[in-house]
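Thanks for coming. I will walk through one protein model today, so please have a look at the structure first.

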Amino acid sequence: MNDNRFQEGGEHRFTLSKPTLDDPVIIVCPQCAGKATVVPDGEKQVKATCFACGFNATKPSRERSFHWYDENPTDSYFGYDLWLRTDCIGHSLWAFNLKHLNFLESYVSAALRVRTKISDWGWQYSSLASRLPKWIKAGKNRDALLKAINELKAKAQQAC
């Protein structure tokens, strides 16, 4: 167990689910079931691309739909399954991208977790840390969670 401290840094579930060119949302290709990505395509749309089979689709970036409370959530633009998902102690552990995985790893591995009481938006319980399920917050699950996070990190590094 790490003796480090987790300090909430204003991470919000809406911002972590938004892809960037440096950190795309990693999805399952709906055509070949391989690894694909969702990235911004200009300022007003997003693009899903699979480099293995050539699948691509675009959609306006303002059209988002969230399914975070499902056992198998999807990306918020196209509704495609997330690539970074695994079973962990009877639950579905998932992440949108590497930034999300790093956040989870930092939170889970910390011996002390310090939360900010009010976010920039004035909401007390809208941060990502406040929305994590109890089974992720439970210290007894730390080892299993860190093992699963490392598996997902390896999966993220797989070639497309």
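**Ser-76 and its surroundings**

I start with one polar contact: the side chains of Ser-76 and Arg-64 meet at 3.1 Å. A polar contact here is a pair of N or O atoms within 3.5 Å; within protein, one must be able to donate a hydrogen and the other to accept it, and residues adjacent in sequence count only if both atoms are side-chain atoms.

Before going on, some ground rules. This is a predicted model, in which local features need pLDDT of at least 70 and side-chain atom pairs count only at pLDDT 80 or more, while totals for chains, interfaces and linings use all residues. Residues are numbered from 1 along each chain as its sequence is written, and side-chain values use heavy atoms, with hydrogens and water left out.

Back to Ser-76, which sits in the loop between strand E5 (56–60) and E6. Helices (H or I, at least four residues) and strands (E, at least two) are DSSP runs, numbered from the N terminus. Is Ser-76 buried or exposed? Ser-76 counts as buried because its relative accessibility is 2%. The cut-offs are under 20% relative accessible area for buried, over 50% for exposed, and partly exposed in between, with a 1.4 Å probe and protein chains only.

Leaving out residues up to four places away in sequence, Ser-76 touches Ser-17, Glu-63, Arg-64, Ser-65 and Phe-66. Contact means heavy atoms within 4.5 Å. For Phe-66, 10 residues away along the chain, the C-alpha separation from Ser-76 is 5.2 Å.

**The whole chain**

Now the overall picture. The protein has five helices and eight strands, and from the N terminus their order is β-α-β-β-β-β-β-β-α-β-α-α-α. Of the 160 residues, 42% are buried. Taking contacts between residues at least 6 apart in sequence, 56% join residues at least 24 apart. The accessible surface is about 8900 Å², and carbon and sulfur atoms account for 49% of that. Those areas come from the Shrake-Rupley method with a 1.4 Å probe, and for residues only the protein chains shown count as cover.

**Helix H2 and its link to H5**

Next is helix H2, residues 98–109. Its 12 residues reach 16 Å from first C-alpha to last, close to the 16 Å expected at 1.5 Å a residue. That expected span is 1.5 Å times one less than the number of residues. At the N-terminal end of H2, Asn-97 acts as a cap, with a side-chain oxygen 3.4 Å from the backbone nitrogen of Lys-99. Which residues of H2 are buried? They are His-100, Leu-101, Phe-103, Leu-104, Tyr-107, Val-108 and Ser-109.

H2 also takes part in a salt bridge, meaning a side-chain nitrogen of Lys or Arg within 4 Å of a carboxyl oxygen of Asp or Glu. Lys-153 pairs with Glu-105, and their closest N and O atoms are 2.5 Å apart. This pair links distant parts of the chain, with Lys-153 in helix H5 and Glu-105 in helix H2, 48 residues apart. Lys-153 counts as partly exposed because its relative accessibility is 21%, and Glu-105 is likewise partly exposed, at 24%.

How many salt bridges does the structure hold? There are two. In the one not yet described, Asp-87 pairs with Arg-85, the closest N and O atoms being 3.3 Å apart. Asp-87 is exposed, at 58% relative accessible area, whereas Arg-85 is partly exposed, at 27%.

**A buried lysine**

Lys-35 belongs to strand E3 (residues 35–40). Lys-35 is buried yet has no salt bridge, and the nearest side chain of opposite charge, Asp-23, is 9.6 Å away. For charge, Lys and Arg count as positive and Asp and Glu as negative; His and the chain ends are not counted. What the side chain of Lys-35 does reach is the backbone oxygen of Ala-156, at 2.4 Å. The backbone oxygen of Gln-158 is 2.7 Å from a polar side-chain atom of Lys-35.

**Two positive phi values**

Last, the backbone. Most residues other than glycine have a negative phi. Ala-33 is not a glycine, but its phi is positive, about 70°. Ala-33 lies in the loop between strand E2 (25–28) and E3, and is exposed, with a relative accessible area of 52%. Ile-89 also has a positive phi, near 45°. Ile-89 is in the loop between strand E6 (85–88) and strand E7 (91–94), and counts as partly exposed because its relative accessibility is 41%.
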